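Colleague: I should be grateful for a close look at the nonpolar core of this model, explained for a first-year student. Please set it in the context of the chains that surround it.

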Amino acid sequence: MIPILFLLSVVVFALAKAMPGDALSGEIDPTKTDPQYIAEMRERLGYNDPIYIQYIRWLTGFIQGDFGKSFKYKMPVSDLIKERIPNTLFLGVCSLVITYILAFAMGIYSGKHPYTIGDNAIATFNYIALAIPIYVAAIVSIYFFSFKLGWFPSTGSVDIGLEKGTLDYWISRFHHVLLPALVLGAFNTASYTQFLRNDIMDNSRKDFVRTARAKGTSEKAIYNRHILRNSIIPIVTFLGFDIGSILGGAIITETIFTYPGIGQLFLNSLNFRDYAVFMAITMMISFMALLGNLIADLLYGVVDPRIRLE
Amino acid sequence: MSTATETTRSLAARQKSPSTWAIAARKFRKNRLAMAGLSFILLIVILSFLAPVIATQDITRVHFDQVEKKPSVEHWLGTDNNGRDVLTRLIHGGRISLTIGFSCVALVILIGTLIGAVSGYYGGKIDGLLMRFTDFVLLFPFLPFIIVINAIFIGKISGVWSLIIVISLLGWPGTARLVRGKVLAEKENEYILAAVSIGTKPYKIILKHLLPNVLSVVIVQASLLLAAFIVAETALTFLGFGVPQNIPSWGNMLSEARNSNVLRNKPWMWVPPATVITLTLLSINFMGEGLKDAFNPKSSR
């Protein structure tokens with residue numbers, strides 16, 4: 001994992017350096033600012049040093065938790081990210097909960113009653129949800145739920161002027177996060193539902209189910225205790241990948257809802273050539289993906305002891 | 001006795017059992033949803049690529065006297081902020097979006113199949129090295145990396161092509177893994193051993209013996225990729241990081257909806273591209289499912 005992270009840091013740094021322009025060319029109006037001052041600033045920030053020295057300086061700082069300073073926001077990147085991460089995590093967790101609740105409800109129903117009208121309806125819904133791109137879902141839901149019905153706010157993460165920590169504050173936050181989380185969560189159920197449905201169908205034909213029926217276990221207990229426990233195994237491993245994509249998975253949604261999270265910060269940092277922010281976020285997103293893979297591997301072993309033995 | 005065997009042989013020769021492709025084609029034709037999807041895609045493709053002939057209105061000129069007109073007889077789907085006809089732009093936009101989609105699929109299939117086949121056929125060190133590399137590229141977060149690399153290329157190569165190259169550069173690992181897995185399984189067969197034993201050159205074995213047998217998987221994968229890449233293009237353009245503003249594409253048209261005034265009060269500007277994108281993706285998915293089903297020997301429909 002360490003060598004991969006090292007390689008990744010080289011790639012990210014190289015990409016940042018290969019991008020045209022730097023923070024100074026984006027921020028300062030060259031007609032108004034003294035070119036000598038810009039040159040001085042470049043020198044002072046070390047933009048004229050050889051590439052490898054710049055890389056080593058960035059990497060050593062990064063390992064020690066110093067991600068540099070944002071040019072746009074005039075504050076340390078770590079503070080900036082610390083400010084945004086709770087929002088993105090909140091959105092990510094809410095959307096995951098929605099996905100799992102919906103997928104479990106639909107998957108269990110479909111697995112129990114395969115090839116019925118309900119099963120077909122669920123399959124149709126998942127098919128359509130899979131085909132609708134997230135940004136289309138987002139703007140359509142803003143149009144209906146925010147503009148036409150006025151149920152949800154369409155921008156931001158909390159109403160202005162509420163004191164942190166109060167009940168109103170949390171209600172407002174939840175109110176703001178619900179629509180993006182629904183868009184993100186409800187349109188992502190297809191693979192989970194399909195997986196659960198097929199697994200339940202497979203398991204319900206197995207011998208242990210026949211045994212359970214033969215000894216007179218109620219149908220409810222068979223499905224909820226015997227089958228579901230086995231069918232959860234493949235789903236649990238999805239969780240690892242979900243955790244891996246929590247930070248980087250909501251870039252589009254956050255931007256459309258102007259929700260102040262990591263994804264929105266990332267796009268802004270690219271627009272303003274704010275490299276310190278951009279590199280830190282890219283590293284974090286990649287690291288989370290790597291971590292997600294690791295968690296998925298570990299979860300395999302936790303839920304299925306047969307894998308641990310090998 | 002000998003005549004009996006002869007008749008059975010000649011019978012067998014006359015009633016040749018249908019090939020894999022014939023069976024797949026028959027199954028596909030029977031699948032109504034898949035055929036509907038295919039027809040819709042063909043319709044969109046034909047309309048889009050005939051754009052210069054059927055939609056002759058100038059899409060670059062700004063008409064200040066016809067700004068933001070509602071749908072009417074003159075402009076079937078209304079006009080946008082610059083007085084351009086929405087329908088005309090929709091047709092021209094389809095050309096760009098589909099060109100990007102199909103080009104990316106072609107490039108990704110080419111790269112992925114090449115790497116996957118070489119990796120699976122040779123195995124050993126080459127396999128280890130190529131698969132490590134594949135895993136590494138797979139680790140890159142897709143959307144952020146495309147945005148970044150595209151920002152590097154965009155000034156140097158014309159907008160559409162830079163996006164095609166960048167998506168292809170990052171999109172191939174899944175296909176490579178898939179092809180490698182299939183090749184690994186396929187090369188254990190005796191006919192490959194036979195080909196090796198008579199001294200067939202490796203590239204000939206890969207091209208003539210292995211690839212035809214993994215082609216069905218690649219075709220299904222291509223249909224899935226087409227949907228994924230059309231989504232990628234439109235999403236990036238929607239965010240303002242894809243195709244430049246002056247080129248009409250479905251993503252560019254949809255990005256007008258980021259202006260909340262347009263989103264709230266002028267749905268005719270963003271509903272058409274949103275609908276067309278969704279229908280196209282739905283059709284591609286139906287077609288992909290149909291193909292998967294058609295090539296699956298276990299499904300007997």
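Modeller: The account below begins with the core and then turns to the chains, the places where they touch, and some single residues.

The model is a predicted one, in which local features need pLDDT of at least 70 and side-chain atom pairs count only at pLDDT 80 or more, while totals for chains, interfaces and linings use all residues. Residues are numbered from 1 along each chain as its sequence is written, and chains are lettered from A and ligands numbered from 1 in the order in which they are written.

Some terms are needed at the outset. A residue is called buried if 20 or more other C-beta atoms lie within 10 Å of its own, exposed if 12 or fewer do, and partly exposed in between, with C-beta atoms placed from the backbone. A nonpolar core is a set of buried Ala, Val, Leu, Ile, Met, Phe, Trp, Tyr and Cys residues joined through C-beta atoms within 7 Å. Two residues are in contact if their C-beta atoms, placed from the backbone, lie within 7 Å. Helices (H or I, at least four residues) and strands (E, at least two) are DSSP runs, numbered from the N terminus.

The largest nonpolar core contains 111 residues. Those with the most contacts inside this core are A:Tyr135, A:Ala138, A:Ile139, B:Ile146 and B:Phe229. Helix 11 of chain B, residues 202-239, supplies the largest share of the core, namely 16 residues. From chain A, the core draws at least three residues from each of domain 1 (2-66) and domain 2 (78-309); the domain bounds come from an automatic or database domain assignment. A:Ile139 may serve as an example: once its neighbours within four places in sequence are left aside, A:Ile139 is in contact with A:Ile256, B:Ala257, B:Leu263 and B:Trp270. Another core, of eight residues, lies apart from the largest one and includes A:Ala103, A:Met106, A:Ile122 and A:Ile227.

The chains themselves come next. Chain A has 15 helices and zero strands, and chain B has 14 helices and zero strands. Of the 310 residues in chain A, 32% are buried; of the 301 residues of chain B, 41% are buried. Among contacts in chain A between residues at least 6 apart in sequence, 71% join residues at least 24 apart. For chain B, residues 24 or more positions apart make up 70% of the contacts with a separation of 6 or more. The radius of gyration of chain A is 24 Å, whereas a compact globule of 310 residues would have one near 19 Å; this radius is taken over C-alpha atoms, and the globule rule is 2.2 Å times the number of residues to the power 0.38. Along the principal axes, the C-alpha atoms of chain A fill a box of roughly 85 × 55 × 35 Å.

Within chain A, the centres of domain 1 and domain 2, taken over C-alpha atoms, are 36 Å apart. Twelve residues of domain 1 of chain A are in contact with twelve residues of domain 2 of chain A. On the side of domain 1 that touches domain 2, the elements giving two or more residues are helix 1 (2-18) and helix 2 (23-27) of chain A. Helix 1 of chain A gives the largest share of that side, seven residues.

Between the chains, 28 residues of chain B are in contact with 31 residues of chain A. The largest share of the side of chain B that touches chain A, eight residues, comes from helix 14 of chain B. The residues of this side divide into 23 nonpolar, four polar and one charged. Here Ala, Val, Leu, Ile, Met, Phe, Trp, Tyr, Cys and Pro count as nonpolar, Asp, Glu, Lys and Arg as charged, and the others, Gly among them, as polar.

Some single residues complete the account. A:Tyr115 is found in the loop between helix 5 (77-112) and helix 6 (117-131) of chain A. A:Tyr115 is exposed because 10 other C-beta atoms lie within 10 Å, and its phi is near 60 degrees, a positive value in a residue other than glycine. A:Thr258 lies in the loop between helix 12 (251-256) and helix 13 (262-271) of chain A. A:Thr258 also has a positive phi, of about 35 degrees, although it is not a glycine, and with 14 other C-beta atoms within 10 Å it is partly exposed.
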